[in-house]
Amino acid sequence: MWLRNAHFKDESATGITLSFSSLFYLDSFKKKCLDQALNVLSDFAGTDISINLVVDDQIKEEKPQEKKITKLSEKKKAVNETLNSEYTFDNFIIGENNLFACNVAKVISNNPGTSFNPCLIYGGVGLGKTHLIQAIGNYIYDHNPKMKVIYVTAETFTNELINAISNRTANAKFKNKYRTADVLLIDDIHFIADKVSTQEEIFHTFNELTEKNKQIVFTCDRPLTELTGINERLITRFRKGANVDLQPPQYETRMAIALKKCKDLNFKISQDVLEYICMNIKTNVRDLEGALTTLYSFSELVGREITKEIAMEHIKNFIPTQMIKNTEITIDQIIGQTASYFNVSSFDIRGKSRNKNVSLARHISMYLSSTMTNLSLTEIGKYFDSKDHTTVSYAINKIKSIEESDESIKRAIESITNNLKK
Ligand code: ADP
Ligand code: MG
């Protein structure tokens, strides 16, 4: 199936070059066949053979639907180079889960800098934070092209700062760039936890912009109260404006998003298969889109309609916990992800510390170890300073009993599980 799209292009003494009509086919080949192809070729040649992969758009075999999609996105030129013009309000599906956040975003877009300033949009992975914050940027840029709209991820901001620190001109340029914005959009602010200089810089940028009534919007993967490793005076600034959240979409919203996605892809899929997918993928929109794209590629490649059985087989990867069981997630990974979520060290989680945050992280690690691995309670205990099974069982029951009622625990578990899944 994947080989069919690989074309012989060239050869040299040490290897061959294969070409593909698109990056998608190239990537798929790389993931699914490259290792095997290398082995077979090297066996055949009796020496190591390298395989070069290139995209050659002269190859005419893309399906007509795919061409249409490329054309559509080609036509839409980026209006602002920091923004992705695909992220607009027009294609953001509204449901109960995001109605409030979306309305606030629209108010901001119509009158930047006047109300809801600063604004924090928070929510778990794949729930539309980047889409929404960029929709604000695109809308403002479309309606007021003179306004200086800057979108940046906290990570890029940090990297730019690091590059600018040692050079005076670069430093002035960097400061000037952000402090002269009319609308500053900072994505994934949780990234700056424990990064003191970045926090300092953001703090000053913040003050300067808010003094001039310039709009600031930022996103975070959790509410401010759960954000650790960030300077209190910065948190106080963040807290001043509006805080809105994005929740996982309900079934009906998932269905609306899925229908739209299928329409965009020109993907013909029966209603009951689509219902099946939306009933089962509850985590977030990114997973839902991922599942549909996978099924679409599959149906294009094999030229077959997607049945419920095919869908079932393919969406396994997108259904969390209960399906993850039996795969090779290790306790080390669980402890690692939990440590990074709570901003504590793995060492402390395994150890004896009675610090409140560490204890909670330890209990959640134990709980996740019991749901995501096949280890017994005694085996799990060994990873945590040789605790016995009753201690592990106590921790698991404790988390189970508060998981449903405690929003922050629920969110932590969801986020850690999602990261482990990735
Ligand atoms: P986050 O930044 O919260 O991790 P993204 O904004 O990247 O999530 O969203 C993940 C994907 O889901 C994107 O392709 C985005 O366009 C899509 N998406 C999220 N929410 C919606 C929505 N309400 N309507 C349509 N598409 C959505
Ligand atoms: Mg994002």
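The backbone nitrogen of L375 lies 3.3 Å from a polar atom in the side chain of T373. That is a good spot to start our tour. A polar contact here is a pair of N or O atoms within 3.5 Å; within protein, one must be able to donate a hydrogen and the other to accept it, and residues adjacent in sequence count only if both atoms are side-chain atoms. The side chain of T373 has another partner too: a polar atom of it sits 2.6 Å from the backbone oxygen of S369.

Before going on, a word about what you are looking at. This is a predicted model, in which local features need pLDDT of at least 70 and side-chain atom pairs count only at pLDDT 80 or more, while totals for chains, interfaces and linings use all residues. Residues are numbered from 1 along each chain as its sequence is written, chains are lettered from A and ligands numbered from 1 in the order in which they are written, and side-chain values use heavy atoms, with hydrogens and water left out.

Back to T373, then. You'll find T373 in the loop between α16 (356-372) and α17 (377-383). Helices (H or I, at least four residues) and strands (E, at least two) are DSSP runs, numbered from the N terminus. Is T373 buried or exposed? T373 counts as buried because its relative accessible area is 8%, and buried means under 20% relative accessible area, exposed over 50% and partly exposed in between (1.4 Å probe, protein chains only). Leaving aside residues up to four places away in sequence, T373 touches I329, I334 and L368; contact means heavy atoms within 4.5 Å.

Now let's step back to the whole protein. It has 19 helices and eight strands, and its C-alpha atoms fill a box of roughly 65 × 65 × 50 Å along the principal axes. Of its 422 residues, 45% count as buried. Among the contacts with a separation of 6 or more, 71% are between residues 24 or more positions apart. The accessible surface comes to about 22,300 Å², with 51% of it belonging to carbon and sulfur atoms; these areas come from the Shrake-Rupley method with a 1.4 Å probe, and for residues only the protein chains shown count as cover.

Next, have a look at the strands. Strand β7 (residues 215-220) is mostly covered, with six of its six residues buried. Both faces of β7 are covered: Q215, V217 and T219 lie on one side, and I216, F218 and C220 on the other. Which strands pair with β7? Strand β4 (residues 119-122) does so in the parallel sense, over four bridges, and strand β6 (residues 183-187) also pairs with β7 in the parallel sense over four bridges. Two strands pair if DSSP finds at least two bridges between them.

You can follow the pairing residue by residue. C119 stands opposite V217 in β7, and I121 stands opposite T219. From β6, L185 is opposite V217. On β4 itself, C119 and I121 point one way and L120 and Y122 the other, and all are buried. β4 also pairs with strand β8 (residues 242-245), in the parallel sense over four bridges, and there C119 stands opposite A242.

Just around these strands there are some backbone details to look at. Most residues other than glycine have a negative phi, and most peptide bonds are trans. The peptide bond from N117 to P118, though, is cis, with omega near -5°, and P118 is found in the loop between α4 (99-110) and β4. D188 has a phi near 60°, a positive value in a residue other than glycine. D188 lies in the loop between β6 and α8 (196-211) and counts as partly exposed, at 26% relative accessibility. D194 also lies in the loop between β6 and α8, and has a positive phi of about 65° although it is not a glycine.

Further along, Q250 has its place in the loop between β8 and α10. Q250 counts as partly exposed because its relative accessibility is 38%. Q250 and C220 are 30 residues apart in sequence and 21 Å apart in space, C-alpha to C-alpha.

Our last stop is helix α11 (residues 271-280), whose buried residues are V273, L274, Y276, I277 and C278. They pack against α10 (251-265), α12 (285-302) and α13 (308-315).
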